[in-house]
Amino acid sequence: MTEQDTAAAIDTTEVPDEDARDEADIAADYIEELLDICDLDGDIEIEERAGRVYLSVTDDGEALRVLSKPDTVTALQELTRIAVQAETGEFSRLILDVGGSRDARADELQRLVDTAVERIEAGSSSAALPPMSSYERKLVHDLVAEKGFHSESEGEGRDRHTVVTR
């Protein structure tokens, strides 16, 4: 990907905050360099939602399939956050999506919540979901609330999970 391709692929028009733009630009440069090292093509889109920078890396084919696995995306997100923090000195809360992996995970979380709600409606007092990241737990809490149920996070560290109740 050339600098011109990257400049055309990076859309910062939706990022109004100068600090967010800096964070976004640093993150986009980091991801672009990674794609170059891997000899992969991808388009990088940047937007801001609720004060958080979202970077989406997409392509027209299957080139990003290996990088879009959930554990890989989580690791790349952490590395990108560290790169931003190293340059700005500020903690980064950016969210990285590679090849639509976040949408696929959101669909999977929706199915988990639906199953948990079905168990509770069938008579179970609660339903525990598997451990997940804080971002995913936040999505789950929102999905559970939309269904009129209650949820709480329990556990510590990698074992932290969500429990759904009526």
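User: What is the relative accessibility of Asp-142?
Analyst: This is a predicted model, where local features need pLDDT of at least 70, side-chain atom pairs count only at pLDDT 80 or more, and totals for chains, interfaces and linings use all residues. Residues are numbered from 1 along each chain as its sequence is written, and side-chain values use heavy atoms, leaving out hydrogens and water. Asp-142 counts as partly exposed (buried is under 20% relative accessible area, exposed over 50%, partly exposed in between; 1.4 Å probe, protein chains only), and its value is 35%.

User: Which residue forms a salt bridge with Asp-142?
Analyst: A salt bridge puts a side-chain nitrogen of Lys or Arg within 4 Å of a carboxyl oxygen of Asp or Glu. Here the closest N and O atoms are 2.8 Å apart. The two residues sit four apart in helix α5 (helices are DSSP runs of H or I, at least four residues; strands are runs of E, at least two; both numbered from the N terminus), so about one helical turn separates them. The partner, partly exposed at 47%, is Lys-138.

User: How far apart in sequence are the parts tied together by Lys-147 and Asp-114?
Analyst: These two pair up in a salt bridge, with N and O 3.1 Å apart at their closest. Lys-147 lies in the loop between α5 (134-146) and β5 (150-154), and Asp-114 in helix α4 (101-121), so the parts they join are separated by 33 residues.

User: Which residue meets Glu-47 in a salt bridge?
Analyst: Glu-47 is partly exposed at 26%, and its partner is partly exposed too, at 38%. Their side chains come to 3.3 Å, N to O, and that partner is Arg-49.

User: How many salt bridges does a search of the whole structure find?
Analyst: Arg-105, Glu-108 and Glu-136 are linked in a network of them. Across the whole structure, the search finds six.
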